[in-house]
Amino acid sequence: MSKIAIGKTAVLLASFTEEEMAFFQDTLKDVSYCLGKVGSMNMQKVISAVETAAKRHGLIHPNLYRETHALYHAIMEGMEGVTRGHLSIGEMSRTVGLRFAVVRGTPFTDEGEGEWIAVAFYGTIGAPVKGSEHETVGLGINHI
């Protein structure tokens, strides 16, 4: 795989509309990624949605603890951005509606740096009342 900015790629993928995604599809042919959506007042549901998508698309090997662990830390770091550092949603009467992207790659020219994983979220957060939410974005990157 060529060297890519996995964080920037993840943020762009998470924020692309379907039309934009179709336009950029050819440039993504060498990128290992998956996309998904999640809406919840439960942090565990957000974590599970991302983990399930990454496993289903073969981005992490479910039997290798270090890969699941790296993904978990990238998710949590990304959610810190979404929640502005307060890693709770339902407990604070907040709900999220998020699109997410997971990107795996080797972003450094030195092969010894190995593979990394990025998780980006884009969507809304706010009170569980329609029209009370605002945009939010978060990015987490971790080495595998």
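Okay, quick bit of vocabulary before we start: when I say two strands pair, I mean DSSP finds at least two bridges between them. And keep in mind that what you're looking at is a predicted model.

So, let's go to the sheet. Tyr 122 has a bridge partner in β4, and that partner is Val 137. Zoom out from that one bridge and you find 11 of them joining β3 to β4, with the two strands running antiparallel. Zoom out again and you've got four strands in an open sheet, ordered β1-β2-β3-β4, with antiparallel pairing. Which strands sit at the edges? β1, residues 32-40, and β4, residues 133-143, each pairing on one side only. Going from one strand to the next, the twist averages 15°. For anyone who wants the background, strands of a sheet pair through backbone hydrogen bonds, either parallel or antiparallel.

Now the helices. α4 lies across β2, β3 and β4, and runs at about 150° to β4. Then there's α1, residues 6-15, and the residue I'd like you to click on there is Ala 10. Buried or exposed? Ala 10 has 0% relative accessibility, so Ala 10 counts as buried. What does Ala 10 touch? Leaving out residues up to four places away in sequence, the contacts are Ala 101, Val 103, Ala 118, Ala 120 and Leu 139. Take Val 103 from that list: C-alpha to C-alpha, Ala 10 and Val 103 are 5.8 Å apart in space, while in sequence they're 93 residues apart.

Okay, charges. Side chains of opposite charge can pair when their charged atoms come close. How many salt bridges do we get here? The count is two. In one, the side chain of Arg 104 meets that of Glu 67, at 3.1 Å, N to O. Arg 104 is in strand β2, residues 95-105, and Glu 67 is in helix α4, residues 65-82, so this pair ties together parts that are 37 residues apart in sequence. In the other, Arg 104 meets Glu 115, side chain to side chain, at 2.6 Å, N to O. Glu 115 lies in the loop between β2 and β3, and Arg 104 in β2, so here the parts tied together are 11 residues apart in sequence. Put those together and Glu 67, Arg 104 and Glu 115 are linked in a network of salt bridges.

How accessible are these three? Arg 104 is buried, with a relative accessible area of 7%. Glu 67 is buried as well. Glu 115 comes out at 33% relative accessibility, so Glu 115 counts as partly exposed.

Last stop, the rings. How many aromatic pairs does the structure hold? Four. I'll show you one of them, Phe 23 with Phe 24: the ring centres are 5.0 Å apart and the planes are at 90°, so the pair is edge-to-face. Why edge-to-face? Because planes over 60 degrees apart get that label. Phe 23 counts as exposed, at 67% relative accessibility, whereas Phe 24, at 31%, counts as partly exposed. Bring in Phe 16 and you have one aromatic cluster: Phe 16, Phe 23 and Phe 24.

That's the tour. Over to you for questions.

Conventions:
Residues numbered from 1 in each chain as written. Predicted model: local features only at pLDDT ≥ 70, side-chain atom pairs only at ≥ 80, totals over all residues. Heavy atoms only, no water. Salt bridge = Lys/Arg side-chain N within 4 Å of Asp/Glu carboxyl O. Buried < 20%, exposed > 50% of the residue type's maximum accessible area, 1.4 Å probe, protein only. Phe/Tyr/Trp six-rings, centres within 6.5 Å; stacked < 30°, edge-to-face > 60°. Axes fitted to C-alpha atoms, helices over the stretch in contact; angles between N-to-C directions. Contact = heavy atoms within 4.5 Å.
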